[in-house]
Amino acid sequence: MAGSCFLSLFDYKTEKYIVAKNKRVGILYRLIQLSIIGYIIGWVFLSKKGYQETDEAIQSSVITKLKGVSITNTSESGVLVWGPEDYVIPPQGEAVLFVITNFLETPKQKLGYCAESPKVLDGHCRDDSDCEEGKMVVAGNGIRSGRCLRKDENSTGTCEIYAWCPTERKSKPHGPLLTNAENFTIYIKNFIQFPKFSFSKSNVLDTTDDSYLKNCRYDEELHPYCPIFRLGDITRRASYNFQDMATFGGSIGIVIHWDCDLDKGYSSCHPQYYFTRLDISVSNKTIAKGFNFRHTRYYKDVAGETYRSLFKVYGVRFNIMVHGKAGKFSIIPTAINVASGLALMGAGAFFCDMVLLYLMKKGNSYRERKFEGSAPSKTKKSTSEDNSVEDRKVAPQSRTVLPLSLFTA
């Protein structure tokens, strides 16, 4: 018995195919075939380029430069001329930069003693015991001196602090001061590389004409390789007005997307630009809209005393992000996707088998033709030892389920 089981391992079992004259199942089978073929050719190979090996590990560098001049005239500073070295932070030309469009100035601050701002809640006091000496004011401007400054005994005052005095003016801007900021231009130079394919390219037009970058402005159709953008056009492409953002500031995302089909050559790899606002939610209901921060400018007077001017600046923060992928023909993904398609074709045949055998009215008759098996041999018991051995060799055969290939009549 053990020997026969071992030898059965070397038996070859072949599939049995029969033709079912059933037009409905035949039509269903052909529709499944056409759907799978359409999916493989249309979606996998044409749309998703399943015949290509891809590289999404893009290596990128971004260099930025701004140009433009604006003039402000305030009571604190008088007439000032603002150039890129004044309104661009940081000035090194990085992928994340901030352009000042508005500001509030607190001039001529000097280290000394003064009253804490009444808008700082932790600085309120009723007597000197509320102003513990040497303790920092939470969210305030300095260190408490131990004195409570009040107009009279019945009023609430503020703690005296050692800080840069006078403290910052707490007010809101009423309009942008750098009104010409929307006409500033930003030069975004982007170099990319796909190391798997040793492919590199830039978003700047390959030309020897030195005047090209001086005169061009980005346009999707006319100048797709001109990397110079007007700030007002950037916010417009993000569906916002620059002057509305200039008062309280905002954040704009600039996405450079590279989708390179290297089978079509170097010239078919183009940058695509997308612009979106990042500092507001979809519902546009937020108290954190806008963008601002503080910075100072220090100087000394004739007597050598140190002063500073505190600026609360508002403006537009630009985040330049680079994404992309490159693809090139390879036999390995092609073979994998073709094999997946053939496996789906087999799944279609299996589905039609189930419909034919278990959902059709004549399913019993189809099952009788599909499944075959032999019953145990009923030989009479012989007194001969040889005959009884032969009887034992006739063992029941197991029923084998074979797949059915369906064709229309």
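K108 is found in strand 6, and that residue opens this set of exercises on a predicted model.

**Exercise 1. Find the phi value of K108, and decide whether K108 is buried or exposed.**

Start with the backbone. Phi of K108 is near 50°, which is positive in a residue other than glycine. Now turn to the surface. The cut-off for exposed is over 50% relative accessible area. K108 has 60% relative accessibility, so this lysine counts as exposed.

**Exercise 2. Treat A139 in the same manner: where is A139, and what is its phi?**

Place the residue first: A139 belongs to the loop between strand 7 (124-125) and strand 8 (143-149). Next, its phi is about 60°, a positive value although A139 is not a glycine. Finally, check accessibility: A139 counts as exposed because its relative accessibility is 74%.

**Exercise 3. Locate the prolines P90 and P166, and describe the peptide bond that leads into each.**

Take P90 to begin with. The bond joining I89 and P90 is cis, with omega about -10°. P90 sits in the loop between strand 5 (88-89) and strand 6.

Move on to P166. Here the peptide bond from C165 is cis too, and omega is near -5°. The loop that holds P166 runs between strand 9 (157-165) and strand 10.

**Exercise 4. Describe the largest nonpolar core: how many residues does it have, and which have the most contacts inside it?**

Step one is the count: this core has 44 residues. Step two is the list of residues with the most contacts inside it, namely Y87, L231, I234 and F318. Step three asks which elements build it. At least two residues come from each of several elements, including strand 2 (59-67), strand 6 (96-115), helix 5 (231-237), helix 6 (242-248) and strand 16 (306-329). Strand 16 contributes the most, with seven residues.

Step four zooms in on one member. Leaving aside residues up to four places away in sequence, I234 touches I186, F229, I252, I254, F275 and F318.

To finish, look beyond this core. A second, separate core has 15 residues, among them A20, V25, V44 and Y366.

**Exercise 5. Count the aromatic pairs, then classify F291 with F293 and Y299 with Y307.**

The count comes to 16 aromatic pairs. For F291 and F293, the ring centres are 6.5 Å apart and the planes meet at 70°, so the pair is edge-to-face. F291 is partly exposed, with a relative accessible area of 27%, and F293 is also partly exposed, at 24% relative accessibility.

For Y299 and Y307, the centres are 6.1 Å apart and the planes are at 15°, so this pair is stacked. Y299 has a relative accessible area of 34% and is therefore partly exposed. The cut-off for buried is under 20%; Y307, at 18% relative accessibility, counts as buried.

One more grouping is worth a look: Y218, F229, Y273 and F275 form one aromatic cluster. F229 and F275 also appear among the residues that I234 touches.

**Exercise 6. Which ring does K201 lie over, and which ring has the charged end of R297 over it?**

Begin with the lysine. K201 lies over the face of Y266, 4.5 Å from the ring centre.

Then take the arginine. The charged end of R297 sits over the ring of F311, at 4.9 Å from its centre.

Technical notes:
Residues numbered from 1 in each chain as written. Predicted model: local features only at pLDDT ≥ 70, side-chain atom pairs only at ≥ 80, totals over all residues. Heavy atoms only, no water. Core = buried A, V, L, I, M, F, W, Y, C linked by side-chain atoms within 4.5 Å. Buried < 20%, exposed > 50% of the residue type's maximum accessible area, 1.4 Å probe, protein only. Helix = DSSP H or I, 4+ residues; strand = E, 2+ residues; numbered from the N terminus. Contact = heavy atoms within 4.5 Å. Phe/Tyr/Trp six-rings, centres within 6.5 Å; stacked < 30°, edge-to-face > 60°. Lys NZ or Arg CZ within 6 Å of the ring centre and 35° of its normal.
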